[in-house]
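Please read this note with the model open beside you. Each numbered point can be checked against the residues it names.

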Amino acid sequence: MKYLIFLIGCFLLTGCHDKTNITALSKEYFEKENVFFNPQWTCCYIIPGGGCSGCITSGIHFLTKNKEHFSHNQEKNVVVFTSVLSQKLLRRSFKNAKLEDFNFIIDTANVYTVDFKEHIYPLIVYLENGKIIQVDIQSPETNALTKLVEHLNQQHNE
């Protein structure tokens, strides 16, 4: 019985997300696909239309809570929605905010849709002059949103 509990615990810790170098994988993928990022952007928050529903929901909640950092009035941070099946449902998911309040792109061509295992999770791409510095994945096992808050607050204080 202890062995079974141990195996289940190990599976839960490593089950749906391996520890690949997501920054290197993302750089390679975006370069191979000729995806360019606006040189004015310092943060590109990519939220898939399907995948880890809890992560996507928390990502949208994060946006509404931190609207001033992603508002359409600023140019440093952008939100990209990929694989959107219904813009109407996307708009409804914002409840107390309007999608138009944000600096956003609805990626209908799926340019920013990554083609590797982590495609089910939101990605936070940190940029400098259009070049990827770092990529974090927002999953149940990461604290990517905490790091993003620190980045946004630092950006705000500059």
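The points below go from the whole chain to its pockets and then to single residues.

1. Status and overall make-up. The model is predicted. The protein contains 5 helices and 5 strands. Read from the N terminus, these elements follow the order α-α-β-α-β-α-β-β-β-α. The chain thus has two helices before its first strand and ends with a helix.

2. Burial and surface. The protein has 158 residues, and 41% of them count as buried. Its accessible surface is about 9500 Å². Carbon and sulfur atoms account for 56% of that surface.

3. Contacts along the chain. Take the contacts between residues at least 6 apart in sequence: 72% of these join residues at least 24 apart. One pair to look up is Leu152 and Thr42, which are 110 residues apart along the chain, while their C-alpha atoms are separated by 9.6 Å.

4. The largest pocket. How much space lies in the largest pocket? The value is about 410 Å³. Its lining is made of 20 residues, and those nearest the centre are Ile56, Ile60, Leu89, Leu90 and Ser93. Two or more lining residues come from each of β1 (43-48), α3 (53-65), β2 (77-82) and α4 (87-92). Of the elements, α3 gives the most, with 5 residues. Sorted by class, the lining has 10 nonpolar, 9 polar and 1 charged residues.

5. The second largest pocket. This pocket has a volume of about 230 Å³. Its lining includes Lys27, Phe30 and Glu31, as well as Asn129, Gly130, Lys131 and Ile132. Asn34, Val35, Phe36 and Phe37 also line it. The elements that give two or more residues here are α2 (22-32) and β5 (131-137), and α2 has the largest share, 3 residues. By class, the lining has 5 nonpolar, 3 polar and 3 charged residues.

6. Leu152. This residue is in helix α5, which covers residues 144-157. Is Leu152 buried or exposed? Leu152 counts as buried because its relative accessible area is 0%, and the cut-off for buried is under 20%. Beyond residues up to four places away in sequence, Leu152 touches Phe62, His69, Phe70 and Asn77.

7. Gln74. The loop between α3 and β2 holds Gln74. Although Gln74 is in a loop, it counts as buried, at 16% relative accessibility. A polar atom of the Gln74 side chain lies 3.4 Å from the backbone oxygen of His69. The side chain of Gln74 also reaches the backbone oxygen of Asn77, at 2.8 Å. Once neighbours within four places in sequence are set aside, Gln74 is in contact with Glu68, His69 and Asn103. His69 and Asn77 have already appeared in point 6, among the residues that Leu152 touches.

8. Thr23. Helix α2 contains Thr23. What does the side chain of Thr23 reach? It reaches the backbone nitrogen of Val135, at 2.9 Å. Thr23 also touches Ile132, Ile133 and Gln134, again not counting residues up to four places away in sequence. Thr23 counts as buried because its relative accessibility is 15%, and buried means under 20%.

9. Two residues with positive phi. Most residues other than glycine have a negative phi. Ser83 is not a glycine, yet its phi is positive, about 50 degrees. Asn110 is not a glycine either, and its phi is positive at about 55 degrees. Where are they placed? Ser83 is in the loop between β2 and α4, and Asn110 is in the loop between β3 (104-107) and β4 (123-128).

10. Exposure of these two. Ser83 has 29% relative accessibility and counts as partly exposed. Asn110 is also partly exposed, with a relative accessible area of 35%. Both values belong to this class because it lies between the cut-offs for buried, under 20%, and exposed, over 50%.

How values were computed:
Residues are numbered from 1 along each chain as its sequence is written. This is a predicted model: local features need pLDDT of at least 70, side-chain atom pairs count only at pLDDT 80 or more; totals for chains, interfaces and linings use all residues. Side-chain values use heavy atoms; hydrogens and water are left out. Helices (H or I, at least four residues) and strands (E, at least two) are DSSP runs, numbered from the N terminus. Buried means under 20% relative accessible area, exposed over 50%, partly exposed in between (1.4 Å probe, protein chains only). Contact means heavy atoms within 4.5 Å. Accessible areas come from the Shrake-Rupley method with a 1.4 Å probe; for residues, only the protein chains shown count as cover. On a 1 Å grid over the protein atoms alone, a cavity is a set of points where a 1.4 Å probe fits but cannot get out, and a pocket is an open set with protein on both sides within 12 Å along at least five of seven lines; lining residues have an atom within 4 Å of a point. Grid points are joined across faces, edges and corners, and a volume is the space filled by probe spheres set on the points. Ala, Val, Leu, Ile, Met, Phe, Trp, Tyr, Cys and Pro count as nonpolar, Asp, Glu, Lys and Arg as charged, and the others, Gly among them, as polar. A polar contact is a pair of N or O atoms within 3.5 Å; within protein, one must be able to donate a hydrogen and the other to accept it, and residues adjacent in sequence count only if both atoms are side-chain atoms.
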